[in-house]
Amino acid sequence: MELLQHNRCFEGEQRIYRFNSQVLKGDSRFGVYLPPQALEGEACPALFYLAGLTCTEETFAIKAHAQRLAAQLGLILIMPDTSPRGDQVAQGDHWDIGQGAGFYINATQAPWAEHYQMESFIADELYTLVLQQFPIQQHRVGIFGHSMGGHGALTLAFKYPEKFKSVSAFAPICAPSQCPWGEKAFSNYLGNDQTVWKQHDATALVSEKGALFNEILIDQGLQDQFYAQLHPAAFQQACTQVGQELTLREHVGYDHGYYFIQSFIDDHLQFHAVQLES
């Protein structure tokens, strides 16, 4: 790993690293916030944060204002990029496909399959790397995300419950098989077989796998300009049917952006701290 940037922050450090990813077949960057406890060598719980469309490994670090409470709670924050990058990596014709829009799945279709292996990158390669390199308590790792990253957090949590012990999301794409964003991404990356799409759809996964977590927390703004694409009610119904405890909080006046995330980030960090302790 190459350390590209490090900044003192609430007595911890916000860092950006670059390494050569064997899974993505090229250089990849990720951010990590190390609270003061970790800098002193104490093993800490960790949270993966998956960002949304067009974002990078820096977006959450700069915009979410999570480091203050993460320092108090002793939480390590891991912030991967949203896709493979580079001149050799296929790019789409719009902001919702291609670079910046990896959707946290393993693509099977050309030209995407060569580099767009974001599920394996997050759940295997990066997961293993950060546990080796940082003082993370192995059985106290959670995951959360926003929008496309909320979709990624929910789906990866239900696919890899042995790795992720807690999960939450901000305005997640809950049923990508049923919305334009998901339909475009899945048809490009996975082909047209919609039975394959279901393997990457949080609503379908909870229906298939049942209740795996003590509780899931989702926050959703009611003035979200993308609300029609997100389908939180479908996910809530699926959770109810299988007995998965879900707290879905809908907030009047809030939209899809990072001012919304800032407003409720403390609740999510505290939620994960409690879930990872239990």
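How many bridges join strand β7 (residues 166–170) to β8, and do the two run parallel or antiparallel? Select both strands in this predicted model, and three bridges can be traced between β7 and β8, with the two strands running parallel.

**Strand β8 and its partners**

Begin with F170 in β7, and then add D219, which is the bridge partner of F170 in β8. On extending the selection to strand β9 (residues 246–251), you will find that β8 and β9 also pair in the parallel sense, here over six bridges. One place at which to look at this pairing is I218, whose bridge partner in β9 is L248.

Now colour β8 (residues 216–221) by accessibility: six of its six residues are buried. The covering applies to both faces of the strand, since I216, I218 and Q220 are buried on one side, while L217, D219 and G221 are buried on the other.

**Helix α11 at F264**

Keep F170 and D219 displayed and select F264, which lies in helix α11 (residues 258–277). Apart from neighbours within four places in sequence, F264 is in contact with F170, D219, R249, H251 and Y254. F264 has a relative accessibility of 10% and therefore counts as buried, the cut-off for that class being under 20%. If you then draw a C-alpha to C-alpha line from F264 to Q237, the line spans 23 Å, for two residues that are 27 apart in sequence.

**Strands β2, β3 and β5**

Move next to strand β3 (residues 26–34), in which seven of the nine residues are buried. Strand β2 (residues 12–21) is joined to β3 by nine bridges, and the two run antiparallel. To follow this pairing, select F19 together with S28, its bridge partner in β3. Between the strands of this hairpin there are four residues, and K25 takes a positive phi near 60 degrees.

Strand β5 (residues 76–80) is also joined to β3, by four bridges, in an antiparallel arrangement. Here the residues to select are Y33 and L77, the latter being the bridge partner of Y33 in β5.

**Helix α3: Q67 and L69**

With Y33 still shown, select Q67, which is placed in helix α3 (residues 67–73). Not counting residues up to four places away in sequence, Q67 touches C9, F10, Q14, Y33 and A61. A polar atom of the Q67 side chain lies 2.9 Å from the backbone oxygen of A61. Is Q67 buried or exposed? Its relative accessible area is 6%, so Q67 is buried.

In helix α3 you can also select L69. L69 likewise has a relative accessibility of 6% and counts as buried. Leaving aside neighbours within four places in sequence, L69 is in contact with D266, L269 and Q270. For a measure of distance in the other direction of the tour, L69 and E58 are eleven residues apart in sequence and 18 Å apart in space, taken from C-alpha to C-alpha.

**Backbone details in the loops**

One of the contacts of Q67 is F10, and F10 is found in the loop between β1 (2–9) and β2. Phi of F10 is near 50 degrees, a positive value in a residue other than glycine. F10 counts as partly exposed, at 48% relative accessibility.

Go on to H65, in the loop between α2 (59–63) and α3, which has a positive phi of about 60 degrees although it is not a glycine. H65 too has a relative accessibility of 48% and counts as partly exposed.

A further backbone detail is found at A110 and P111, which are joined by a cis peptide bond with omega of about 0 degrees. P111 belongs to the loop between β5 and α4 (118–133).

**D193 and the pocket**

Select D193, in the loop between α6 (180–190) and α7 (194–197), and show T195 as well, because the two side chains make a polar contact at 2.5 Å. At 41% relative accessibility, D193 counts as partly exposed. The C-alpha atoms of D193 and Y33 are separated by 39 Å, and the two residues are 160 apart along the chain.

Finish at the largest pocket, which has a volume of about 240 Å³. Its lining comprises 15 residues, and L53, T54, C55, H146 and H256 are those that lie nearest its centre. By residue class, the lining divides into six nonpolar, eight polar and one charged.

Key: Residues are numbered from 1 along each chain as its sequence is written. This is a predicted model: local features need pLDDT of at least 70, side-chain atom pairs count only at pLDDT 80 or more; totals for chains, interfaces and linings use all residues. Side-chain values use heavy atoms; hydrogens and water are left out. On a 1 Å grid over the protein atoms alone, a cavity is a set of points where a 1.4 Å probe fits but cannot get out, and a pocket is an open set with protein on both sides within 12 Å along at least five of seven lines; lining residues have an atom within 4 Å of a point. Grid points are joined across faces, edges and corners, and a volume is the space filled by probe spheres set on the points. Ala, Val, Leu, Ile, Met, Phe, Trp, Tyr, Cys and Pro count as nonpolar, Asp, Glu, Lys and Arg as charged, and the others, Gly among them, as polar. Buried means under 20% relative accessible area, exposed over 50%, partly exposed in between (1.4 Å probe, protein chains only). A polar contact is a pair of N or O atoms within 3.5 Å; within protein, one must be able to donate a hydrogen and the other to accept it, and residues adjacent in sequence count only if both atoms are side-chain atoms. Contact means heavy atoms within 4.5 Å. Two strands pair if DSSP finds at least two bridges between them.
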